[in-house]
Amino acid sequence: TYRSRALVFVVNVARGEVSEHDVLDEVEMLRREAVAFDPLNDSKPWMVVGTKCDMLHRDALFHLDSLFYRLQARYGREV
């Protein structure tokens with residue numbers, strides 16, 4: 001990670017109505033793991049990429065929208 005300028009977290013947003021893990025919790029867990037691996041990762045810019053948005057499941061876009069607004073509310077900047 002010493003060569004990377006930014007971090008990208010790829011998460012599956014095509015989950016059912018009741019998912020085992022919340023998408024936001026998964027993103028924050030991935031961030032904690034990246035920082036634990038290398039503390040310099042805490043200062044790097046990062047983004048989230050939602051996958052499987054094209055699934056024929058009505059909740060996929062809901063989870064993606066929900067993740068966007070909750071990340072924006074939690075981190076106070078445009079995501």
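F9, W46 and Y75 form one aromatic cluster in this predicted model, where rings of Phe, Tyr and Trp (for Trp, its six-membered ring) count as a pair if their centres lie within 6.5 Å, and where planes under 30 degrees apart are called stacked, over 60 edge-to-face and the rest tilted. The whole structure holds 2 aromatic pairs. A pair of aromatic rings is described by the distance of the centres and the angle of the planes. For F9 and W46 the ring centres are 6.0 Å apart and the planes stand at 65°, so the pair is edge-to-face. This pair links distant parts of the chain, since F9 belongs to strand β1 and W46 to strand β2, 37 residues apart. The rings of W46 and Y75 have centres 5.3 Å apart and planes at 80°, so this pair is edge-to-face as well. Here too distant parts of the chain are linked, with W46 in strand β2 and Y75 in helix α2, 29 residues apart.

How far are the members of the cluster covered by the rest of the protein? Burial is judged by relative accessible area, with buried meaning under 20%, exposed over 50% and partly exposed in between (1.4 Å probe, protein chains only). F9 counts as buried because its relative accessibility is 7%, and W46 is likewise buried at 16%. Y75, with a relative accessible area of 25%, is partly exposed.

**The helices and strands around the cluster**

The protein has 2 helices and 2 strands, and these are DSSP runs numbered from the N terminus, with helices being H or I runs of at least four residues and strands being E runs of at least two. Read along the sequence, these elements follow the pattern β-α-β-α. Contacts, which are heavy atoms within 4.5 Å, often span long stretches of the sequence: of the contacts in the protein with a separation of 6 or more, 70% are between residues 24 or more positions apart.

One residue that reaches the aromatic cluster is R31, which lies in helix α1. Leaving aside residues up to four places away in sequence, R31 touches F9, D42, W46 and Y75. R31 counts as buried, because its relative accessibility is 16%.

**Salt bridges**

Side chains of opposite charge can pair when their charged atoms come close. A salt bridge is taken here as a side-chain nitrogen of Lys or Arg within 4 Å of a carboxyl oxygen of Asp or Glu, and the structure holds 2 of them.

| Salt bridge | N to O distance |
|---|---|
| R74 and E28 | 2.7 Å |
| D42 and R31 | 3.7 Å |

In the bridge between R74 and E28, R74 lies in helix α2 (residues 58-75) and E28 in helix α1 (residues 23-37), so the pair ties together parts that are 46 residues apart in sequence. R74 is partly exposed at 47% relative accessibility, whereas E28 is buried at 14%. In the bridge between D42 and R31, D42 lies in the loop between α1 and β2 while R31 sits in helix α1, so the pair ties together parts that are 11 residues apart in sequence. D42, at 47% relative accessibility, counts as partly exposed.

**The surface**

The accessible surface of the protein comes to about 5,800 Å², of which 57% belongs to carbon and sulfur atoms; such areas come from the Shrake-Rupley method with a 1.4 Å probe, and for residues only the protein chains shown count as cover. Of the 79 residues in the protein, 27% are buried.

A nonpolar surface patch of about 330 Å² is made by V8, V10, M47 and V49. The elements that give two or more residues to this patch are β1 (7-12) and β2 (46-51). Patches are made of residues with over 30% relative accessible area and no salt bridge, with like charges joined within 9 Å and nonpolar side chains (Val, Leu, Ile, Met, Phe, Trp, Tyr) within 5 Å. One member of the patch, V8, lies in strand β1 and counts as partly exposed because its relative accessibility is 48%.

**Confidence and conventions**

The mean pLDDT of the protein is 78, and 73% of its residues reach 70 or more, where pLDDT is the predictor's confidence in each residue, from 0 to 100. Among the elements, α1 has the highest mean pLDDT (90) and α2 the lowest (75). Where pLDDT is low, the predicted coordinates should not be read in detail.

Because this is a predicted model, local features need pLDDT of at least 70 and side-chain atom pairs count only at pLDDT 80 or more, while totals for chains, interfaces and linings use all residues. Residues are numbered from 1 along each chain as its sequence is written, and side-chain values use heavy atoms, with hydrogens and water left out.
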